[in-house]
Amino acid sequence: MEEGRPIFLQIAEQIETSIIDGSLAEESQVPSTNELAAFHRINPATAAKGVNQLVDDGTLYKKRGIGMFVSPGAQTRLRQRRRDQFAEQYVEPLLAEAAKLGIDGNELKSMIEQHLGKGTHR
């Protein structure tokens, strides 16, 4: 777990990442709050807060008496949200800095392609 970030957010993000990478498929059951709490050595209420956040945003749904499951379409929605966040956190600042330095779109594209060609950023 990361220092300085609320644990419940980290739990939610880990579950989201498992959905995005396919290790938790749509309609599959997610670990229980007690399992998450034991694995991460945290309070079950903290794990529940992370899971409930995912229920509130429609990523997970509850089957009464059985547990939490990945909602249909969750992977697509999460990928799009993460792409939007990526653009906001990385692409927009990159473009702003490139503009300050007088780097046009073609030059920036060339720089990116050059770095991709090195094989270290794939």
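**Note on ring pairs, core and salt bridges**

1. Tyr90 is exposed, with a relative accessible area of 51%. The cut-off for exposed is over 50%, so Tyr90 at 51% falls in that class. The model under review is a predicted one, and each value below should be read with that in mind.

2. A search of the whole structure turns up two aromatic pairs. One of them joins Phe86 and Tyr90: the ring centres are 5.2 Å apart and the planes meet at 40°, so this pair is tilted. A tilted pair is one whose angle is neither under 30 degrees, which would be stacked, nor over 60, which would be edge-to-face.

3. Where do Phe86 and Tyr90 lie in the chain? They are in helix α4, residues 74–100, and because they are four residues apart there, about one helical turn separates them. Phe86 is partly exposed, its relative accessible area being 47%, while Tyr90 is exposed.

4. Two lysines have their charged ends over rings. The charged end of Lys49 sits over the ring of Phe8, at 4.2 Å from the centre of that ring. In the other case, the charged end of Lys63 sits over the ring of Phe69, 4.4 Å from the ring centre.

5. The largest nonpolar core has 18 residues, and the members that touch the most others are Ile15, Ile19, Val30, Leu60 and Val70. Two or more core residues come from each of these elements: α1 (7–20), α2 (33–40), α3 (44–56), β2 (67–70) and α4. Helix α1 gives the largest share, five residues.

6. Which residues does Ile15 touch, leaving aside those up to four places away in sequence? They are Leu24, Val30, Leu36, Val51 and Leu54. Val30 also appears, with Ile15, among the core residues that touch the most other members.

7. The structure holds five salt bridges. Side chains of opposite charge can pair when their charged atoms come close. One of the five is between Glu16 and Arg81, with the closest N and O atoms 2.3 Å apart. This pair links distant parts of the chain, since Glu16 is in helix α1 and Arg81 in helix α4, 65 residues apart.

8. Is Glu16 buried or exposed? Glu16 is buried, at a relative accessible area of 8%. Arg81, by contrast, counts as partly exposed at 31% relative accessibility.

9. Glu16 also forms a salt bridge with Arg82, at 3.4 Å from N to O. Glu16 lies in helix α1 and Arg82 in helix α4, so the bridge ties together parts 66 residues apart in sequence. Arg82 counts as partly exposed, with 27% relative accessibility.

10. Arg81 has a further partner, Asp57: their side chains meet in a salt bridge of 3.5 Å, N to O. Asp57 lies in the loop between α3 and β1 (60–63) and Arg81 in helix α4, so this bridge ties together parts 24 residues apart in sequence. Asp57 is partly exposed, with a relative accessible area of 34%.

11. What do the shared partners produce? Salt bridges with partners in common join Glu16, Asp57, Arg81 and Arg82 into one network. Within this network Glu16 is buried, whereas Asp57 is partly exposed.

How values were computed: Residues are numbered from 1 along each chain as its sequence is written. This is a predicted model: local features need pLDDT of at least 70, side-chain atom pairs count only at pLDDT 80 or more; totals for chains, interfaces and linings use all residues. Side-chain values use heavy atoms; hydrogens and water are left out. Rings of Phe, Tyr and Trp (its six-membered ring) pair if their centres lie within 6.5 Å; planes under 30 degrees apart count as stacked, over 60 as edge-to-face and the rest as tilted. Buried means under 20% relative accessible area, exposed over 50%, partly exposed in between (1.4 Å probe, protein chains only). A charge sits over a ring if NZ of Lys or CZ of Arg is within 6 Å of the ring centre and within 35 degrees of the ring normal. A nonpolar core is a set of buried Ala, Val, Leu, Ile, Met, Phe, Trp, Tyr and Cys residues joined through side-chain atoms within 4.5 Å. Contact means heavy atoms within 4.5 Å. A salt bridge is a side-chain nitrogen of Lys or Arg within 4 Å of a carboxyl oxygen of Asp or Glu.
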